[in-house]
Amino acid sequence: MKKVLGYAAALVAALSLAGVAATSAHADGASADAASGVSSSASSDTYDASFSFDGGGDNAVPVAASSSSSAASSSSAAESSKPQKPAKKPAKVVTSAKKMRGRLRYRKDSRIVLFQKGRKGAKVTLRNRKGQYVTKFDVKRSGKFSIKLSKKEAEKLAKYGKYFTFTVAEKGYKTYTVKYVIFK
């Protein structure tokens with residue numbers, strides 16, 4: 001058993017010498033072949049081998065870590081010195097109780113659309129059932145409000161029947177879409 005441990009210790013010593021030779025060659029900015037001691041600048045990776053010994057003296061545990069070349073580390077250092085933009089805060093979700101919705105019923109080809117629970121500053125886009133843009137407007141004050149459509153807009157809004165959608169975009173909140181049923 002002592003012979004096997006002796007061979008293992010010799011192997012560890014040889015590997016540590018090869019690691020030292022390769023590491024010292026990289027200190028100059030060039031790479032080296034640990035077996036021959038010849039340096040060349042073709043290789044870009046280094047292999048750092050370090051060992052820790054337990055109290056027994058003959059037991060060696062190798063710990064290997066690879067590191068990038070000096071050229072790659074200098075480019076990453078340049079990238080880290082750039083000021084980073086602060087991460088965007090995740091948008092809040094409007095609870096269903098506070099979402100804007102239609103008020104009363106919308107009659108086909110009606111020129112007035114009634115809304116409730118609007119928030120001042122929200123941007124609302126009306127689209128028909130096929131998703132075609134009809135009109136866009138800003139909410140002027142919070143609470144109940146109505147908008148007046150032109151005849152063309154009213155016809156386009158109700159063109160494909162059953163319902164139309166409106167999309168609400170508020171600053172700091174996720175955009176949401178609501179269906180508004182069309183009654184005949």
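**View 1. Arg-107 lies in strand 6, residues 106-107.** Helices (H or I, at least four residues) and strands (E, at least two) are DSSP runs, numbered from the N terminus. The model is predicted: local features need pLDDT of at least 70, side-chain atom pairs count only at pLDDT 80 or more, and totals for chains, interfaces and linings use all residues. Residues are numbered from 1 along each chain as its sequence is written, and side-chain values use heavy atoms, with hydrogens and water left out. Arg-107 counts as partly exposed because its relative accessibility is 44%. The cut-offs are under 20% relative accessible area for buried and over 50% for exposed, with partly exposed in between (1.4 Å probe, protein chains only).

**View 2. Arg-107 meets Phe-183 of strand 12.** The two residues stand opposite each other. They are 76 residues apart along the chain, yet their C-alpha atoms are separated by 4.9 Å. Leaving out residues up to four places away in sequence, Arg-107 touches Phe-183 and Lys-184. Contact here means heavy atoms within 4.5 Å.

**View 3. Five strands make an open, mixed sheet in the order 6-12-11-8-9.** Strand 6 and strand 9 (133-138) are the edge strands, each pairing on one side only. Strand 6 and strand 12 (residues 176-183) run parallel and are joined by two bridges. Two strands pair if DSSP finds at least two bridges between them. Helix 3 (residues 151-158) packs on the sheet. The helix touches strand 6, strand 8 (123-127), strand 9, strand 11 (163-169) and strand 12. Its direction makes about 115° with that of strand 9. Axes are lines fitted to C-alpha atoms, for helices over the stretch in contact, and angles run from 0 to 180 degrees between N-to-C directions.

**View 4. Thr-165 sits in strand 11.** Thr-165 is buried, because its relative accessible area is 15%. Residues up to four places away in sequence are again not counted among its contacts. Thr-165 touches Thr-125, Leu-126, Arg-127 and Asn-128. Thr-165 also touches Thr-177, Val-178 and Lys-179.

**View 5. Three strands form an open antiparallel sheet in the order 5-7-10.** Strand 5 (101-102) and strand 10 (143-148) stand at the edges. Each has a single partner strand, so one side of each is left without a neighbour in the sheet. Strand 7 (residues 112-118) pairs with strand 10 over five bridges, in the antiparallel sense. Gly-118 has Gly-143 in strand 10 as its bridge partner.
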